Amino acid sequence: MRTEERLQMRVACIIPAFNEEGTIAEIVRGALKHCSTVIVVDDHSQDLTAELSRKSGARVVTHILRLGAGAALSTGFRAALGTDADTFVTMDGDGQHDPREIPRLLEPIRNDEADIVLGSRLLGQHELMPLYKLMGNKVLSMATSLASGVRITDSQSGFRAYKRIVLDFVMHKQRDYGWASEILILAAGGSFRIREVPISATYRAGQRRGAGVKDGFKILYSTIRPKSSAARTMITGRVDGAV
Amino acid sequence: MEPYEIAAAAFGVVMLVLTTRELLHRRMRPVQYSIWAIIWFALILLGIVPQFYSTLLLATQVLGMYTPIHFVTTFSILILFGMVYYLGKRIAELDDKLSTVVQHIALQPATEGVDQGKERKKHPKTQESS
């Protein structure tokens, strides 16, 4: 994407982070090359995540208590809705996602082919994905596809891009990892166009982050239960930008 | 009096005092206090006058239970289940409110800074010094 095109699209990047001092600075700097604003939501980290993010050029929003990934993301969305950005990118703070792939996510939005672009690890090279995550991801993606009516290969990916219009009307309620499926089901119910693009993912040796098996069962339950919270909260009105 | 009767009555008195203190410090609503007070009074009464059990005999017979103690334990367990359900629901509600507050505080500084800036401009002393 050329620089002038990037400037035309005002992109805000939202990074929920909890104890990510080892990776956050590099991610923020990488994201700033493609986004006009980077918002790091510090979910009550006990390390230098907030300080390093600020020094790297991010705007930091801090939770005084740990609420979970979903809550951190909804705080970030609300903060980002207060900016003049028209497109929002979300990515993890643990270094799993490569900021250099942001343009790939933005491309379908720029071409008006999608309202939400999902970075799918399973469409890209995913040989290094731990087996339990791979299996869990496939089950949850299948459940999310059934609930949303849209074929999704990686429903748990946190590397996404949204048009402002989507977040104006759709906001997830789940505070844990269930947000990933919930927001897709909500968006599909609102007839927003969802598209996936392949992305790479880095898994660090010995690092055990993200959703675990217990979280997987919780996500599955919240996705498949009849009249899920997602279905009940379906586009009830415009979401307030708090800032 | 048997030792267990003394223990029951003493426990009832201590709990009644603690509950009353909560009411006086406005940490408990009158309705809540009334419910707890009835429970503690019943406990004290059963400790001091165990014959009071016999008054439950009619209710026991109507419900087809063998002895009054079956009536007391069964209903106590049911009430406790009800309370656990209510408390779980209440905790979930409070948890939601807490999250809302935490998120609101997190988003506050940005708007606060803007508002404070506006206030400072209006303040006469600030205008003089500038």
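# A tour of chains A and B

Start where the two chains meet: the contact draws 8 residues from chain B and 14 residues from chain A. Select the side of chain B that touches chain A, and colour it by class: 5 residues are nonpolar, 3 are polar and no residue is charged. Keep in mind as you go that this is a predicted model. Its scores are ipTM 0.77 and pTM 0.75.

**Stop 1: chain B as a whole**

Hide chain A for a moment and show chain B as a cartoon. You will find 5 helices and 0 strands, so to speak a run of α-α-α-α-α when read from the N terminus. Now colour by burial: of the 130 residues of chain B, 5% count as buried. Among the contacts in chain B with a separation of 6 or more, 42% join residues 24 or more positions apart.

**Stop 2: the pair α1 and α2 of chain B**

Select residues 3-24 of chain B, which form helix α1, and add residues 30-48 of chain B, which form helix α2. How do these two helices run, roughly parallel or roughly antiparallel? Look at the axes: they come within 7 Å and cross at roughly 160°. Angles over 145 degrees count as roughly antiparallel, and therefore α1(B) and α2(B) are roughly antiparallel to each other. The crossing of the two is left-handed.

Next, show the side chains where they touch. On α1(B), the residues to pick include B:Phe11, B:Met15, B:Leu16 and B:Leu23. On α2(B), they include B:Tyr33, B:Trp36, B:Trp40 and B:Leu43. Colour the whole contact of α1(B) with α2(B) by class and you get 16 nonpolar, 3 polar and 1 charged residues. B:Glu5 of α1(B) is also among the residues that make this contact.

**Stop 3: confidence along chain B**

Switch the colouring to pLDDT. Chain B averages 81, and 83% of the residues score at least 70. Among its elements, helix α1(B), which you have just visited, has the highest mean pLDDT, at 93. The lowest mean, 42, belongs to helix α5 (residues 124-129) of chain B. Select residues 113-130 of chain B: pLDDT stays under 50 there, and the model has 2 contacts beyond four places in sequence for this stretch.

**Stop 4: helix α2 of chain A**

Bring chain A back and select residues 24-32, its helix α2. Which residues of this helix are buried? They are A:Ile24, A:Ala25, A:Ile27, A:Val28, A:Gly30 and A:Ala31. To see what covers them, add elements of chain A including β1 (11-17), β2 (37-42), α3 (49-55) and α5 (102-110).

**Stop 5: three single residues in chain A**

From β2, step into the loop between β2 and α3 of chain A, where A:His44 is found. Its phi is near 60°, a positive value in a residue other than glycine. A:His44 counts as partly exposed because it has 13 to 19 neighbours by the cut-offs used, with 17 C-beta neighbours inside 10 Å.

Carry on into helix α3 of chain A and pick A:Lys55. A:Lys55 counts as partly exposed, with 13 C-beta neighbours inside 10 Å. Draw a distance line from its C-alpha atom to that of A:Leu123: the two residues are 68 apart along the chain, and the atoms are separated by 35 Å.

Now jump to A:Ser191, in the loop between α8 and β7 (194-198) of chain A. Here too phi is near 60°, a positive value in a residue other than glycine. A:Ser191 has 8 C-beta neighbours inside 10 Å and so counts as exposed.

**Stop 6: α6 beside α8 in chain A**

Select helix α6 (residues 131-148) and helix α8 (residues 179-189) of chain A, whose axes come within 9 Å and cross at roughly 25°. That angle makes α6(A) roughly parallel to α8(A). Show A:Leu140, A:Thr144, A:Ala147 and A:Ser148 of α6(A) together with A:Ser181, A:Leu184, A:Ile185 and A:Ala188 of α8(A), which make the contact. By class, these residues divide into 5 nonpolar, 3 polar and no charged. The crossing of α6(A) past α8(A) is right-handed.

**Last stop: confidence along chain A**

Return to the pLDDT colouring. Chain A has a mean of 84, and 86% of its residues reach 70 or more. Among its elements, strand β4 (residues 87-90) has the highest mean, 96, and helix α10 (residues 229-232) the lowest, 45. Finish with residues 228-243 of chain A, where the pLDDT is below 50 and the stretch has 36 contacts in the model beyond near neighbours in sequence.

Notes: Residues numbered from 1 in each chain as written. Chains lettered and ligands numbered in written order. Predicted model: local features only at pLDDT ≥ 70, side-chain atom pairs only at ≥ 80, totals over all residues. Contact = placed C-beta atoms within 7 Å. Nonpolar A, V, L, I, M, F, W, Y, C, P; charged D, E, K, R; others polar. Helix = DSSP H or I, 4+ residues; strand = E, 2+ residues; numbered from the N terminus. Buried ≥ 20, exposed ≤ 12 C-beta atoms within 10 Å, placed from the backbone. pLDDT = per-residue confidence, 0-100. Axes fitted to C-alpha atoms, helices over the stretch in contact; angles between N-to-C directions. Parallel < 35°, antiparallel > 145°, perpendicular 65-115°, else oblique. Left-handed = near helix turned anticlockwise from the far one by under 90°.
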